[in-house]
Amino acid sequence: MDYFYAVLNQIVIFMIIIVIGFAAVKTKFISASVLQPLSIVFTKIIIPVLVFVNAVSGATREDMLTLGFFVGVIACVYIALIIIMTSTKKILRLSGNRGRLFPLTFTFGNVGFLGIPLLLSVFGQRIMVLITMYAIVDMLVLWTYGYTHSFPHDKKLEYTPKALINLINPPIIAILLSIILIMFEIRIPMVIDRSLWSIANAGMALPFIYIGGMLATVVNLRSLFKYEYFVGIFIKMILFPIAVFAVLQAFGLDHNMSIGISILSGLPTMPLIAMLAATNGSDGEYATGTVMVTTIASLFTLTLVTYLITVVL
């Protein structure tokens with residue numbers, strides 16, 4: 001029950017910040033044009049710093065060696081999710097760009113903008129081992145499966161060197177650097193540590209201001225009411241995380257880790273997917289709609305799922 005109230009408290013806080021971001025853009029107190037630079041700052045500076053300082057402060061070499069097998073567990077979660085959402089696409093008879101984007105948008109959750117702040121606020125730094133491992137798998141799957149499926153449906157799927165080069169990005173560099181420091185038990189100087197913590201703490205509200213601002217830019221609300229969005233939400237953001245928790249507990253995995261993986265597996269769509277779809281010539285509007293709908297829904301589904309896995313199950 002404690003975890004449920006902790007998640008509920010954070011969701012309420014996130015909702016308040018999202019409303020502030022929405023109101024700020026809707027009233028033109030801040031221009032919608034600042035949202036893109038805000039996203040870049042958070043993605044390329046704040047997320048890497050946030051992951052790095054929490055990892056080196058909250059994880060030990062023993063943790064990495066003992067819990068390293070969770071990388072395999074997380075990989076299985078991604079494989080299961082891809083299979084389930086691809087099968088759902090076929091059942092719904094989605095074709096064209098929508099058919100290719102549907103499994104993609106419901107595979108990658110918003111770990112950076114929502115997952116990391118949420119888990120850190122609930123579990124503290126001890127959950128950073130899981131976040132680090134989850135982020136490694138997430139990046140690998142994103143820039144292979146995810147990148148190729150962000151192109152139009154008539155483009156042949158192929159894993160290009162360009163996609164693999166994208167694996168070298170600030171978040172993955174921060175993850176690898178933190179793993180090296182942890183494994184060799186190297187401590188960073190206090191002045192650097194405090195400077196990085198200042199950056200990480202200053203940016204915790206930015207993703208939710210960004211999400212609120214993006215919601216305020218939606219012109220055609222009717223475009224958000226597509227039946228497959230709600231089928232995807234029910235399967236991916238409610239049924240799937242509950243099933244993941246049940247399976248992990250059946251195999252006797254650590255309770256806190258099981259909760260963490262379940263929450264991460266039920267996150268709303270990653271905004272980067274919409275950016276990739278638009279950049280690569282696919283249906284960017286459709287992917288953006290998925291981001292918007294799932295983000296709004298997550299304020300309720302995350303609370304529901306947490307209640308079910310921590311109180312009922």
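Which helix is Glu228 found in? The legends below begin with the whole predicted model and reach that residue in the second view.

**View 1. The whole protein is built with 15 helices and zero strands.** Welcome to this predicted model. Its radius of gyration is 19 Å, close to the 20 Å that the globule rule gives for 313 residues, so the protein is as compact as a globular protein of that length. Measured out along the principal axes, the C-alpha atoms fill a box of roughly 50 × 50 × 45 Å. Of the 313 residues, 55% count as buried. If you look at contacts with a separation of 6 or more, 84% of them come from residues 24 or more positions apart.

**View 2. Glu228 sits in helix α12, which covers residues 227-250.** Here is the reply to our opening question: the helix is α12. Glu228 has a relative accessible area of 0%, so this residue counts as buried. Who are its partners, once neighbours within four places in sequence are left aside? Glu228 is then in contact with Leu92, Leu94, Arg98, Phe102, Phe106 and Tyr286.

**View 3. Helix α2 and helix α10 cross at roughly 130°.** Take a moment to find residues 35-58, which form α2, and residues 190-202, which form α10. The axes of these two helices come within 8 Å. Because of their crossing angle, α2 is oblique to α10. The crossing is left-handed. On the α2 side, the contact is made by Ile45, Ile46, Val49, Leu50, Phe52, Val53, Asn54 and Ser57. Helix α10 brings Asp193, Leu196, Trp197, Ile199 and Ala200 to the contact. Sorted by class, the residues of this contact are 10 nonpolar, two polar and one charged.

**View 4. Helix α6 and helix α7 cross at roughly 160°.** Now turn to residues 111-123 for α6 and residues 128-148 for α7. Their axes come within 10 Å. An angle over 145 degrees counts as roughly antiparallel, and so α6 is roughly antiparallel to α7. The crossing of α6 past α7 is right-handed. Which residues meet here? From α6 come Val111, Ile116, Leu119 and Leu120, and from α7 come Met128, Ile131 and Tyr134. This contact has seven nonpolar residues, with no polar and no charged ones.

How values were computed: Residues are numbered from 1 along each chain as its sequence is written. This is a predicted model: local features need pLDDT of at least 70, side-chain atom pairs count only at pLDDT 80 or more; totals for chains, interfaces and linings use all residues. Side-chain values use heavy atoms; hydrogens and water are left out. Axes are lines fitted to C-alpha atoms, for helices over the stretch in contact, and angles run from 0 to 180 degrees between N-to-C directions. Helices (H or I, at least four residues) and strands (E, at least two) are DSSP runs, numbered from the N terminus. Angles under 35 degrees count as roughly parallel, over 145 as roughly antiparallel, 65 to 115 as roughly perpendicular and the rest as oblique. A crossing is left-handed if the near helix is turned anticlockwise from the far one by less than a right angle, and right-handed if clockwise. Contact means heavy atoms within 4.5 Å. Ala, Val, Leu, Ile, Met, Phe, Trp, Tyr, Cys and Pro count as nonpolar, Asp, Glu, Lys and Arg as charged, and the others, Gly among them, as polar. The radius of gyration is taken over C-alpha atoms; the globule rule is 2.2 Å times the number of residues to the power 0.38. Buried means under 20% relative accessible area, exposed over 50%, partly exposed in between (1.4 Å probe, protein chains only).
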